[in-house]
Structures are given as structure tokens and as C-alpha cells.
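I opened the notebook on this protein with three topics in mind: the ligand shell, the domains and the sheet. My entries follow in that order.

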Amino acid sequence: MKKYKIASLFSGIGGIDLGFLKAGADSIWANEIDPYCAVTFNANHPNINLVVDDICNIKGKDIPAIDILTGGFPCQPFSIAGYRKGFEDERGNMFFQIMRIVNELEENNNKPRIIFLENVKNLKTHDKGNTFVVIKRVLEEHGYIVEEKIMNTSEYGNLPQNRERIFILGFLNAKDQKNFEWPNKINLTTSIEDVVDWNAKVKSKYIYENDKKCYPLLKENINETKTIYQYRRVYVRANKSGVCPTLTANMGMGGHNVPLILNNDGKIRKLLPIECLRLQGFPRNFIVPSELSDSRIYKQVGNAVSVSVIKRVAEKIIEAMRKTDKNADY
Ligand SMILES: C[S@@+](CC[C@H](N)C(=O)[O-])C[C@H]1O[C@@H](n2cnc3c(N)ncnc32)[C@H](O)[C@@H]1O
């Protein structure tokens, strides 16, 4: 069966690639500016051609023939007024960089049949709604039919993490859009105990002890196992719902942004990088390069996507494309 080819922009450690690969697509090319992300990406995706560079230097002609272009792009403010003045005014904006590449792909007869974008839920209300209005309008002006949906990892990805993200799809072919339907909610059967190991023997760097100023506050509040806690400067919050709060890139900023637990040995500790990866749906054999510091890994995981959610959307996209192609053969 034909494997649809994808290229990913802002590829990070390749969470979107992994989701599409698991759904049966072929990820062949990627771009990412951060060399530390590239270390993790290359360790796990040796067959994908990753170009480590600023997207501003990427030309459409550099990208091989693809069906799907993906991007979990950084969200920045931009205005309709700025957009109307032309792309030049908005050169620094990452969404417009994606669309510049789409234009260049079109010039090379390689216009993606599907555009898949992922972002924080707040993109929809960002800059009083302007950001989303512009994104939708620009995609439509390029000939795409746009669909968007906000999905929570705990409802759509069978992972115990509360993570709401917006997924924006552009369909060049009306039949693909007609054949497409978003995945349904599914039961959450994976528990935090499946991804967090309360019996783990961990290195001292993950443990909070008496020598830390915040220890008395943590000790007083972190008193139950099988619960994930967040420490926020002056208070500690227990997540009673049985899911982990959203893992964010600021876990990599040192401090106390990594969720905490009470280990079975009575020690208060941070979630381990591999536990955070599991909470994002990365497989147990995902390689964590030993040359990278924990802060880098935490940041990469917080910036990544929930692989199982991507896989479910990707399956629906591929199903729609196959249906269109099958009917076209008659
Ligand atoms: C939200 S993260 C996407 C992560 C990815 N979806 C994953 O699963 O790991 C955005 C990524 O865009 C990258 N980025 C930011 N500015 C960039 C630029 N000018 N050119 C290329 N990549 C850039 C960041 O380094 C970051 O890895």
C-alpha cells in the first residue's frame, strides 16, 4: 500500500514524525534549529533527513516530494494589518515562514496535499483572536479547506496527562476533507501507575531533601503516593484527578517546574525524564542521549507532542487520503 510522505518543520525531537510513522506514513525530511533537539532526533530517527538550520534559510526546493507538511510552530503575535502589508513585514513570524515554504513547494510542483499544524490551545484566543483568524485566512487563500479541533491528551490519547492542544488541518483536495473525520474521545485506561515508577531507585539529583529551602513546605504537603504534585514557589498543589498536569518546556528551566511525587521509599522526587517521555506517549525504547543534560531533555519533552494523539489524527488523515485515492482509481 502506498505510504504517504511527510516533511516536518519545527520538528523538535520528532514527536509528530513518530505519530505519523506509527500511523503508517513515511517521514522523510525534517527541519529544526536547535542542535540539542537534533541530537535526540537523530538518535531516534536515523532514517529521516533532518536539516538543522533556521527555517528562514530553508527553501522549498530543498524539500523532497511530499504529501503532508507538518509543523508544531512557536506561537507569536502578528496582526492582520501586518499580514496585509505583505509577507516581508512578517518575515520573522514562524507561521508565515511555513506559508513561504508552501509557496515555494507549489512553484516546484510539490504543494502539500495536507497541512498539519499543532499549537497551544490558546492560539485560538491569542492576540484577541487575530492570530487564528489570520492563520485560517492565509491557509484558505492558499487553496486549503481548514478544520481545527482542540483535543486533550487524557481524552484522546489514552495518556494520563492533562494537555489541551489545537490541531489545524488544511486540505488541498475537497474530497480528502469530506472523507476525513476527527478521532473520537476514548476511555482513559492508562493510569499514572503505568507510566510512573513509585519504586524507582533514583539518583540524588532528582530527590528533594533537608538541604533545600523549600523542603519543609514540600514535606508538609507531599504526603500521598500515587499522586502527582506541582510546586509553585509558595504552595504545593496535589493533582487528585489521577492525571499529570501539562508538561511544559519550562521544566527545563531548572527550579521546580518538574512535577513531584512521593516515592515508595518516602523520598520526594521529580518525575524522571523517561517518565515525562512516557506521559507524552514516547515508547520505552526511545533513546535519551546521555550527552544531554536533564534540563535539555525536560525542555524537549515539554515542547513535544503527545505521540498517541498525533497517531490517531494521522490515521484519520491517511484513511481519508486512501479513500479519495481508491475512488479516483475507478
Ligand atoms: C513547540 S516545539 C515543536 C516540537 C515538536 N513538535 C516535537 O514533537 O518535539 C517548536 C520547535 O521549533 C523550533 N524552532 C524555533 N524557532 C525556529 C526556527 N527559526 N527555525 C527552525 N526551528 C525553530 C524550536 O527549537 C522547537 O524545537
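I took a residue as near the ligand if its C-beta atom, placed from the backbone, lies within 6 Å of it. I kept in mind that this is a predicted model.

**Entry: ligand shell**

I looked up which residues come nearest to the ligand. There are 18 residues around the ligand, and the nearest are Phe10, Gly12, Gly15, Ile33 and Gly72. Next I sorted the shell by class. I noted nine nonpolar residues, six polar ones and three charged ones. I then asked which elements each supply at least two residues of this shell. Helix 1 (15-23) does, and strand 2 (26-32) does as well.

**Entry: domains**

I checked how the protein is divided. Domain 1 takes residues 5-186 + 305-329, and domain 2 takes 192-303. I read a distance of 30 Å between the C-alpha centres of domain 1 and domain 2. How many residues of each domain are in contact with the other? On the domain 1 side I found 19 residues, against 20 residues of domain 2. Helix 2 (35-44) and helix 12 (307-329) each give at least two residues to the side of domain 1 that touches domain 2. Helix 2 makes the largest share of that side, with six residues. By class, I recorded eight nonpolar, ten polar and one charged for the side of domain 1 that touches domain 2.

**Entry: sheet**

I traced an open sheet of seven strands. Its order is 3-2-1-4-5-7-6, and the pairing is mixed. Which strands stand at the edges? I found strand 3 (49-52) and strand 6 (145-152) there. Each has a single partner strand, so one side of each is left without a neighbour in the sheet. I also looked at the turn between neighbouring strands of this sheet: it is 15° on average, direction ignored.

I then picked one pair to follow. Strand 4 (residues 68-71) and strand 5 (residues 114-120) pair in the parallel sense, over four bridges. In this pair I located glycine 71, which stands opposite leucine 117 in strand 5.

**Entry: helices on the sheet**

I returned to helix 1, which packs on the sheet. Helix 1 touches strand 1 (5-9), strand 2, strand 4 and strand 5. I noted about 175° between the direction of helix 1 and that of strand 2. Helix 2 was my last check. Helix 2 lies across strand 2 and strand 3. I read its angle to strand 3 as about 170°.

Note on methods: Residues are numbered from 1 along each chain as its sequence is written. This is a predicted model: local features need pLDDT of at least 70, side-chain atom pairs count only at pLDDT 80 or more; totals for chains, interfaces and linings use all residues. Ala, Val, Leu, Ile, Met, Phe, Trp, Tyr, Cys and Pro count as nonpolar, Asp, Glu, Lys and Arg as charged, and the others, Gly among them, as polar. Domain bounds come from an automatic or database domain assignment. Two residues are in contact if their C-beta atoms, placed from the backbone, lie within 7 Å. Two strands pair if DSSP finds at least two bridges between them. Axes are lines fitted to C-alpha atoms, for helices over the stretch in contact, and angles run from 0 to 180 degrees between N-to-C directions.
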